[in-house]
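Thanks for coming. I will go through one model this morning, and I will keep to how its parts pack together.

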Amino acid sequence: MCNHISAFRISLPPSPSAFFIFNLMHNGSGTASCFFQEFFDGWLVRQQHCLQELLSLYRDQHTHEFQNDDLKDVVTRILAHYEQYYQEKSRLAHRNIYLVFSPPWFTPFERTFLWIAGFKPALTYRVLHTSVLDLSEEQRQLIGRLKEETKLVEKMLHDEMARVQESVASPPLLEWAKRHGRMMDGETRSEGSAIERIGLEMEAVVGRADALRMSTVMRVVEILTPKQNVKFLTAVTELQSKIRNIGMQRR
C-alpha cells in the first residue's frame, strides 16, 4: 500500500532561504495554528463519516437500485465538506500565510504531498483513472481537454510561486531575516512593507491554487454520472485517509 500511495507524491518544497523566513514568520502564530488544529480534528472525524457513507453506497449499489437524486445528494454533501476545509484554510492564510506552507496539523509524511500548500490538481486525474474504469468515449474526451487546461494553469501557478520564492530569497530580505532573528525591533519600514507584500502575493497564489484544486474536482464531478461519482469520491477520500493513517503510524 505504501508504494502505491507514494506514487502520488508531488511536492513543491520552499527554497532553503524561503523556508528560513517561513519558520521565522511562524513566531507568534500559535493561536491561529491551535484554532485551525481544532477545526481540522473535527473535520477529519466528519470525513470518516463521509467515507463510511460512500463505502456503504459503493458496496450496496451492486445489490440495490439507488435513485440518481439520492446519489447526487450524497455527492453534494461530500463536496460541501471539502469546501468547508478550503474556506477555513483561506481564513487561516489571511491571518498567517506562512503557516499553511508548513502546516503542523499535517504529519511529515502528509507534507511530502504538498504543492503550493495543498495537493496538486493533476492528482485528481490519477485517482479518477484508477477508480472509474467505465468512462464513455465522450467522457474521456471531455476529461482529456479538462486535464490539458489544468496542466496549463498549474504551470502558471508553479512559475508564479517560484517568482515569489525568489523574491523571498533576495539578499535584502535575507539580511533582514537574519537581523530579525536576533532582535524584534529596528527593521526599516521598507523591509517590513516588503515582507507584507510578499505575504499578500503568496496568499493570492495559494488562493488561486486552492480554487483550481476545488474547481478541478467539481468539473470532473459534472462530467461523471452519479454512480461514477460515488466511485471517484470514495477513492479520493480513501486515499487521503490512508495517507493520514500512514503518517500517524510513522510519527
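**Helix packing and the core**

Let me start with one side chain. If we set aside neighbours within four places in sequence, Tyr85 is in contact with Phe36, Phe39, Phe40, Trp43, Trp105 and Phe106. Please keep in mind that this is a predicted model.

Where does Tyr85 belong in the wider picture? Tyr85 and Phe232 are the residues with the most contacts inside the largest nonpolar core, which has 63 residues. Helices H3 (30-60), H4 (68-95), H6, H7 (137-168), H9 (189-223) and H10 each supply at least two residues of that core. Which helix gives the most? That is H9, with 12 residues.

Now the helix pairs, beginning with H4 and H10. Their axes come within 9 Å and cross at roughly 30°. Angles under 35 degrees count as roughly parallel, and H4 and H10 are therefore roughly parallel to each other. The crossing of H4 with H10 is left-handed. On the H4 side, the contact uses Asn68, Leu71, Lys72, Val75, Ile78, Leu79 and Tyr82. On the H10 side, the residues are Pro226, Lys227, Asn229, Val230, Leu233, Val236, Thr237 and Gln240. Sorted by class, the contact of H4 with H10 has nine nonpolar, four polar and two charged residues.

H10, residues 226-250, also packs against H6, residues 123-131. Here the angle is about 120°, and the axes are 9 Å apart. H6 and H10 are therefore oblique to each other. What is the hand of this crossing? H6 and H10 cross in a right-handed sense. H6 brings Leu123, Thr124, Val127, Leu128 and Ser131 to the contact, while H10 brings Lys231, Phe232, Ala235, Val236 and Leu239. By class, that contact of H6 with H10 has seven nonpolar, two polar and one charged residues.

Two residues of H10 are worth marking on your printout. Phe232 is in the contact with H6, and Phe232 is also one of the residues with the most contacts inside the core. Val236 is in the contact with H6 and in the contact with H4.

One last residue, this time in helix H7: Thr150. Is Thr150 buried or exposed? Its relative accessibility is 3%, so Thr150 counts as buried; the cut-off for buried is under 20%. Not counting residues up to four places away in sequence, Thr150 touches Pro121, Ala122, Tyr125, Leu212 and Thr216.

That is where I will stop.

Key: Residues numbered from 1 in each chain as written. Predicted model: local features only at pLDDT ≥ 70, side-chain atom pairs only at ≥ 80, totals over all residues. Heavy atoms only, no water. Axes fitted to C-alpha atoms, helices over the stretch in contact; angles between N-to-C directions. Helix = DSSP H or I, 4+ residues; strand = E, 2+ residues; numbered from the N terminus. Parallel < 35°, antiparallel > 145°, perpendicular 65-115°, else oblique. Left-handed = near helix turned anticlockwise from the far one by under 90°. Contact = heavy atoms within 4.5 Å. Nonpolar A, V, L, I, M, F, W, Y, C, P; charged D, E, K, R; others polar. Core = buried A, V, L, I, M, F, W, Y, C linked by side-chain atoms within 4.5 Å. Buried < 20%, exposed > 50% of the residue type's maximum accessible area, 1.4 Å probe, protein only.
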